[in-house]
Amino acid sequence: MPKKILVVEDEPGIRLSLSDELESTGYQVFTAGDGETALALAGREKPDLILLDLMLPVLDGYEVCKRLRMRGDKTPIIMLTVKDKEIDKVLGLELGADDYMTKPFSLRELTARVKAVFRRTEERSAGLGSFSFGGIDLDFKKFEASKKGKKLELTPLEFHMLKLLVGRKGEVLRRDDFLDGIWGEDNVSVSSRTVDSHIANIRKKIEDDPSRPRHILSIRGVGYKFVE
Ligand code: CA
């Protein structure tokens, strides 16, 4: 069965070119031109991935993302944005988006990102199932996490990054290791700052004092290391 993708974009031209490209790659595509329709379609069609434009009339992309996560929908989301400010990116990620792309982007890059998301989703069911450390329990299969029994809201991407760190605990991971392991080697446009933003978000969620992390350590000039 083809994977289902929901494309949420209010500009008809862009919506059409995105859905044409994804359909020709072999995906089943649903489209929405506004946030309300997007929420309804996401509930009804249960897509495997949502491409979500940030600037939408009435209900914007942030709000759609927030509402999906609030109702327990863990579908991976790639945010599409024209704003290139770091703050917008981080905001988007904190709301539970998995990745973002800044317009204009090439269709080739889009399909590379989409494939990377699906690859991560498929790897979810393989290998390390769960891991516990310092009061934190991670279930990599169900994408559930808790700290001292209290539920933690981690995005699928954050889970994948943690899995990479935990799976190689004690080793120093370079930012390139994350880029290759998470976004795939064909993705040249993801910067190492993106890795740092995600690490910062993960620390905020799991560390007692994110400014003095005990589990995800920064190794100056190299990358990060996970310790129990
Ligand atoms: Ca728009």
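The centres of domain 1 and domain 2, taken over C-alpha atoms, sit 23 Å apart in this predicted model. As for where the two begin and end, the domain assignment of the chain puts domain 1 at residues 4–123 and domain 2 at residues 130–226. Both sides chip in to the contact: domain 1 gives 18 residues, and domain 2 gives 23.

So much for who takes part; next comes what the contact is made of. Put together, domain 1 and domain 2 bury about 1,700 Å² between them, and carbon and sulfur atoms account for 43% of that area. Looking for salt bridges across the interface of domain 1 and domain 2 turns up zero by the rule used. Polar contacts don't add up to much of a list either: the count between the two domains is one residue pair, with both residues at pLDDT 80 or more.

On the domain 1 side, three elements give two or more residues each to the surface that touches domain 2: helix H4 (86–94), strand S5 (99–102) and helix H5 (107–124). Helix H5 provides the largest share, with seven residues. Sorted by type, the residues on this side of domain 1 come out as 11 charged, six nonpolar and one polar.

How far can the model be trusted from place to place? The chain averages a pLDDT of 87, and 91% of the residues score at least 70. Among the elements of the chain, strand S1 (residues 4–8) has the highest mean pLDDT, at 98, while helix H4 has the lowest, at 61. Where pLDDT is low, the predicted coordinates should not be read in detail. That caution is worth keeping in mind for helix H4, one of the elements on the domain 1 side that touches domain 2.

Two spots in the backbone also deserve a look. The peptide bond running from Lys103 to Pro104 is cis, with omega near 0°, and Pro104 lies in the loop between S5 and H5. The other spot is Lys46, a residue other than glycine whose phi is positive, near 45°. Lys46 is found in the loop that links helix H2 (35–45) and strand S3 (49–53).

Notes:
Residues are numbered from 1 along each chain as its sequence is written. This is a predicted model: local features need pLDDT of at least 70, side-chain atom pairs count only at pLDDT 80 or more; totals for chains, interfaces and linings use all residues. Side-chain values use heavy atoms; hydrogens and water are left out. Domain bounds come from an automatic or database domain assignment. Contact means heavy atoms within 4.5 Å. Buried area is the accessible area (1.4 Å probe) that two parts lose on being put together, summed over both. A salt bridge is a side-chain nitrogen of Lys or Arg within 4 Å of a carboxyl oxygen of Asp or Glu. A polar contact is a pair of N or O atoms within 3.5 Å; within protein, one must be able to donate a hydrogen and the other to accept it, and residues adjacent in sequence count only if both atoms are side-chain atoms. Helices (H or I, at least four residues) and strands (E, at least two) are DSSP runs, numbered from the N terminus. Ala, Val, Leu, Ile, Met, Phe, Trp, Tyr, Cys and Pro count as nonpolar, Asp, Glu, Lys and Arg as charged, and the others, Gly among them, as polar. pLDDT is the predictor's confidence in each residue, from 0 to 100.
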